[in-house]
Amino acid sequence: MMIAMMAMTVAANAQFEKGKTFIGASVTGLDLSYNGAKKWNIGIEGRAGQFVTDNWLAFGQIGYQHIGASKTNDFKLGIGGRYYIQQNGLFLGVNANYVHETTNYNDFMPAIEIGYAFFVSRSLTIEPALYYEQSLNDHSNRSTIGLKVGLGIYLPKNKIQNSVKEAFK
């Protein structure tokens, strides 16, 4: 068991190198989050980024959320970063999002998250994370704490660049 844990740690360390590309998607809500206004909701997020140095990921994100109780939709656009604790795949993240709701409500929401990258293959992960989004316009009704589950793909250095070069030859 100890050897298996050590092997997983070595595999995880190799995935968080400078120059690697990250592509991810996650499901949010599913009644695993709560705030005062939304009650039931479901959402999806997409993220893409690159490791700017070992263990430090910078990314952009886009998201959509359907709020069942009010029958409205949120659209989210943001940037963020993650720090991967080298030993095990645990990560800490921060991001800043502009949120537009279909009822013409707009908000700026910084967020923090803590999660874990479980490697199911050399480059594919399942990433559960606990998050908190702080609403700057309506703290009591819009700030959200929740759990999201995502998939991540960690592409080797220059894999995308080489694919693009081959396509244009």
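Is S135 buried or exposed? I looked this up before anything else. S135 counts as buried, because its relative accessibility is 2% and the cut-off for buried is under 20%. The model is a predicted one, and my entries refer to that model.

**Entry: S135 and its surroundings**

I placed S135 on the chain next. S135 belongs to the loop between strand 9 (124-133) and helix 2 (139-142). I then listed its contacts, setting aside neighbours within four places in sequence. They are Y105, D107, F108, M109, R142 and S143. One of them, D107, also meets S135 side chain to side chain in a polar contact of 2.4 Å.

**Entry: Y98**

D107 turned up again when I looked at Y98. Which residues touch Y98, leaving aside neighbours within four places in sequence? I found F75, K76, L77, N106 and D107. Y98 sits in strand 6 (residues 90-101). Its relative accessibility is 42%, so I logged Y98 as partly exposed. With N106, Y98 shares a polar contact between side chains, at 2.8 Å. I also checked K76. Y98 and K76 lie 22 residues apart in sequence, yet their C-alpha atoms are 5.7 Å apart in space.

**Entry: overall layout**

I stepped back to the whole protein. There are three helices and 10 strands. Along the sequence, the order reads α-β-β-β-β-β-β-β-β-β-α-β-α. The protein has 169 residues, and 38% of them count as buried. I looked at contact range too. Among contacts with a separation of 6 or more, 52% come from residues 24 or more positions apart. The exposed surface is about 9,500 Å², with 68% of it supplied by carbon and sulfur atoms.

**Entry: nonpolar core**

How many residues make up the largest nonpolar core? I counted 11 in the listing: F16, F22, F51, L57, F59, Y84, F91, A117, F119, A129 and Y154. The general background is that nonpolar side chains tend to be buried together in soluble globular proteins. I picked L57 from the core and read off its contacts, again without neighbours up to four places away. L57 touches F22, G49, Q50, F51, G80, G81, R82 and Y84. F22, F51 and Y84 are core members as well.

**Entry: aromatic pairs**

I searched the whole structure for aromatic pairs and got 13. F51 and Y84 form a tilted pair, with centres 5.5 Å apart and planes at 45 degrees. This pair links distant parts of the chain, F51 being in strand 3 (residues 41-53) and Y84 in strand 5 (residues 72-84), 33 residues apart. Both rings belong to buried residues, F51 and Y84 alike.

A second tilted pair is F119 with Y154, at 5.6 Å centre to centre and 40 degrees between the planes. What does this pair tie together? F119 is in strand 8 (residues 118-119) and Y154 in strand 10 (residues 144-155), so the pair joins parts that are 35 residues apart in sequence. Y154 counts as buried because its relative accessibility is 0%. I then followed the ring pairs outward. They link F16, F22, F51, Y84, F91, F119 and Y154 into a cluster.

**Entry: E113**

I turned to a charged residue. Where is E113 found? E113 is in strand 7 (residues 105-116). E113 has a relative accessible area of 6%, so I logged this residue as buried. I listed what E113 touches, not counting residues up to four places away in sequence: R47, R82, F91, L92, G93, A129, L130, Y131 and K148.

Two of these contacts called for a closer look. The side chain of E113 makes a polar contact with the side chain of R82 at 3.4 Å. With the side chain of K148, the E113 side chain makes another at 3.2 Å. I also noted F91. Its C-alpha lies 8.2 Å from that of E113, with their positions 22 residues apart along the chain.

**Entry: charges over rings**

R82 and K148 came up once more. R82 lies over the face of F91, 3.9 Å from the ring centre. K148 places its charged end over the ring of Y131, 5.4 Å from the centre. I cross-checked with E113: F91 and Y131 are both on its contact list, along with R82 and K148.

How values were computed. Residues numbered from 1 in each chain as written. Predicted model: local features only at pLDDT ≥ 70, side-chain atom pairs only at ≥ 80, totals over all residues. Heavy atoms only, no water. Helix = DSSP H or I, 4+ residues; strand = E, 2+ residues; numbered from the N terminus. Buried < 20%, exposed > 50% of the residue type's maximum accessible area, 1.4 Å probe, protein only. Contact = heavy atoms within 4.5 Å. Polar contact = N/O pair within 3.5 Å; in protein donor to acceptor, adjacent residues only side chain to side chain. Areas by Shrake-Rupley, 256 points an atom, 1.4 Å probe, with all protein chains shown as cover. Core = buried A, V, L, I, M, F, W, Y, C linked by side-chain atoms within 4.5 Å. Phe/Tyr/Trp six-rings, centres within 6.5 Å; stacked < 30°, edge-to-face > 60°. Lys NZ or Arg CZ within 6 Å of the ring centre and 35° of its normal.
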